[in-house]
Amino acid sequence: MSTSVPDFAGRISRIAQQRGLCWGLMMELWDGDEAFIKSVREGEFGEFMREHFQEIGQESLAHGPLMSLDVYSRGARRRTFEDDRDAFLADHDTLLGDKPHYDSLVTMRDLCRKESAAWAAGDVEGGREIRKEEFLHLEGGLEMSLVKLLNENIEQAKSHVWRTLSRIFLVFLATETGHQSSLSN
């Protein structure tokens with residue numbers, strides 16, 4: 001049984017919307033605000049990312065880091081928020097203090113939103129063109145810059161949660177681009 005164009009476009013619109021939210025979550029990591037730290041501690045971040053990877057059929061790529069994040073979230077009741085926040089922010093200032101590539105993250109989030117809107121409106125050609133823009137932006141250096149940065153975070157971070165978040169975002173990049181070579185860490 002084949003999927004109708006409106007059903008297909010609706011699904012692609014939903015996935016593009018989720019992808020835009022993922023780019024927004026990466027921006028929240030860069031921002032290092034307390035709401036993001038709380039969402040990681042309480043498992044909301046991990047659950048959203050798990051659902052996204054399931055939706056696109058790629059949960060197996062993120063299984064290890066997501067399980068590690070689940071352990072971190074379950075253990076939060078034995079740690080104070082202040083301790084987790086302080087540990088997170090200590091690494092944050094070292095790893096992302098000057099917010100490298102932040103404007104490009106905003107661009108990717110916004111392109112995904114535009115793509116989602118195009119698909120939702122039934123503009124198949126427009127949705128495809130915007131997706132091409134996303135690929136061009138990633139291939140223009142953003143992908144490799146983020147892979148390098150996230151791998152450096154994995155190597156340099158003192159807190160386990162930073163290494164785990166960096167791995168999850170590496171998986172996200174791999175699902176965005178189809179390039180899984182960055183998943184060696």
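Here are three short exercises on a predicted model.

**Exercise 1. Cysteines**

Task: Find how many disulfides the structure holds, and explain the result for Cys22 and Cys112.

Solution:
- Start with the bond. A disulfide is a covalent bond between the sulfur atoms of two cysteines.
- Recall the cut-off: the two sulfur atoms must lie within 2.5 Å.
- Take Cys22. The closest cysteine sulfur belongs to Cys112, 8.6 Å away, so the gap is too far for a bond.
- Now start from Cys112. Its closest cysteine sulfur is in Cys22, again too far for a bond.
- Conclude: the structure has 0 disulfides.
- Check the surroundings. Cys22 is buried, at 0% relative accessibility. Cys112 is buried too, with a relative accessible area of 0%.

**Exercise 2. A buried charge**

Task: Locate Glu143 and state which side chain makes a polar contact with the side chain of Glu143.

Solution:
- Place the residue. Glu143 sits in helix 7, residues 124–156.
- Look for a salt bridge. Glu143 is buried and has none.
- Find the nearest side chain of opposite charge. That is Arg131, 11 Å away. A salt bridge needs 4 Å or less, so Arg131 does not qualify.
- Look for a polar partner. The side chain of His179 makes a polar contact with that of Glu143, at 2.8 Å.
- Add contacts beyond four places in sequence. They are Leu138, Leu173, Thr177 and His179.

**Exercise 3. After the helix**

Task: Decide whether Gln180 is buried, partly exposed or exposed.

Solution:
- Place Gln180. This residue lies in the segment after helix 8 (160–177).
- Read the accessibility. Gln180 has a relative accessible area of 43%. Partly exposed runs between 20% and 50%, so Gln180 is partly exposed.
- List contacts beyond four places in sequence: Gln58, Leu61 and Ala174.

Conventions
Residues are numbered from 1 along each chain as its sequence is written. This is a predicted model: local features need pLDDT of at least 70, side-chain atom pairs count only at pLDDT 80 or more; totals for chains, interfaces and linings use all residues. Side-chain values use heavy atoms; hydrogens and water are left out. Helices (H or I, at least four residues) and strands (E, at least two) are DSSP runs, numbered from the N terminus. Buried means under 20% relative accessible area, exposed over 50%, partly exposed in between (1.4 Å probe, protein chains only). Lys and Arg count as positive and Asp and Glu as negative; His and the chain ends are not counted. A polar contact is a pair of N or O atoms within 3.5 Å; within protein, one must be able to donate a hydrogen and the other to accept it, and residues adjacent in sequence count only if both atoms are side-chain atoms. Contact means heavy atoms within 4.5 Å.
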